[in-house]
Amino acid sequence: MADPELRLLRYFVTVAEERHFGRAAERLHIAQPPLSQQIQKLERQLGTELIDRSRRPIELTDSGTALFDEARLALTHAERAFAAARRAAAGQLGQLRIGALQAAVDGVLSHVMRAHRRQFPDVKLELSELSSTEQIAQLVEHRIDVGLLRGPVDEPSLTIQPLIDDPLAAVVGEDHALADHQRIEPGLLAHEPMILWARSAAATTYGDVVEVCRMHDIEPPVVDEVQRIQTILALVASGAGIALLPTSFINLSRNGVRFIPLQGRLPDRPLALAWRTANQSPTVRGFLDVATASAPHYLQQLREHYPQLGVTTPRAFRR
């Protein structure tokens, strides 16, 4: 419905509510003659009289009564539509499709999503657990709006912003000889049976574990390569070996295992936000702002619960 038509309906409804042209004109902040002219214009468009002007106070004709109820509904729906558009323009209404690594889902993302829902309760968040490679592809294809991934990322259409550092930690059984260490030098793991998170399930983490071993010139015996984190934690708890996993997985709170920070040289492992640079959606911007603001609170809580962990704000995103 065009704005001039809405204006005519608004004028008519006000006159119908007041049953008086003068009072209606005051409410509408216009002079009485132009208001009367606008009502006559509406009557000409409809081909029927809407107001019986011969009576005092004025009364609606049958056509006017029929129009009155529908006009009020139309104005109410129009106002709701305009309000929804304004809220969407402010990022307060809509839908956001998020892709995230499992480490993000089990770590910082749940904290970010809680904060986002408090601030933007009417924005629907849709979450898909995806690898970094899958996220990049789906961002480019416009199938997701924001990703939480690890680099390197070689896609010029995307913006990458580090969110938190998520370093590798040694995961050992609670009765392991290293379980009481505050930090572990990777050289101590040279002869420890190791359970790897399979390359097909987590290529970046797999590569970083290999890189840690290369940096410290160790070749621990690999006893298994596993697809699922919960299976790795169960095997570690059983004494089958140790693992090197992202710190974020401490949030899984598996009984029988300990996460212990590694010391010495380690690969940079930031979890990063990713989005299409051309996407200027207020909904996306709102999520990015909330994520950036709430991540330090997540890290603070993590440090308070697990003071032994070396979680930090992010270093430069590695290329």
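**A friendly tour of the core and the pocket**

Colleague: Is Asp 145 buried or exposed?

Modeller: Keep in mind that this model is predicted. Asp 145 has a relative accessible area of 9%, and buried means under 20%. Because its value is 9%, Asp 145 counts as buried.

Colleague: Where does Asp 145 lie, and which residues does it touch?

Modeller: Leaving out residues up to four places away in sequence, Asp 145 touches Gln 95, Leu 96, Arg 97, Leu 139, Ala 274, Trp 275, Arg 276, Asn 279 and Val 284. As for its place in the chain, Asp 145 lies in the loop between H7 and strand S5 (146–149).

Colleague: Which helix gives the largest share of the largest nonpolar core?

Modeller: That core holds 46 residues, and Val 108, Leu 148, Ile 232, Leu 245, Phe 259 and Leu 273 touch the most other members. Its largest share is nine residues, and they come from helix H10 (residues 282–305).

Colleague: How many residues are in the second, separate core?

Modeller: Its members include Leu 8, Tyr 11, Leu 75 and Ala 78. The count for this second core is 24 residues.

Colleague: And the largest pocket: which helix gives the most to its lining?

Modeller: The pocket has about 410 Å³ of space. Among its 23 lining residues, Leu 101, Ser 131, Ser 132, Ala 201 and Ala 202 are the closest to the centre. Helix H5 (102–105), helix H7 (132–140) and helix H8 (203–215) each supply at least two lining residues. With four residues, the helix that gives the most is H7.

Notes
Residues are numbered from 1 along each chain as its sequence is written. This is a predicted model: local features need pLDDT of at least 70, side-chain atom pairs count only at pLDDT 80 or more; totals for chains, interfaces and linings use all residues. Side-chain values use heavy atoms; hydrogens and water are left out. A nonpolar core is a set of buried Ala, Val, Leu, Ile, Met, Phe, Trp, Tyr and Cys residues joined through side-chain atoms within 4.5 Å. Buried means under 20% relative accessible area, exposed over 50%, partly exposed in between (1.4 Å probe, protein chains only). On a 1 Å grid over the protein atoms alone, a cavity is a set of points where a 1.4 Å probe fits but cannot get out, and a pocket is an open set with protein on both sides within 12 Å along at least five of seven lines; lining residues have an atom within 4 Å of a point. Grid points are joined across faces, edges and corners, and a volume is the space filled by probe spheres set on the points. Contact means heavy atoms within 4.5 Å.
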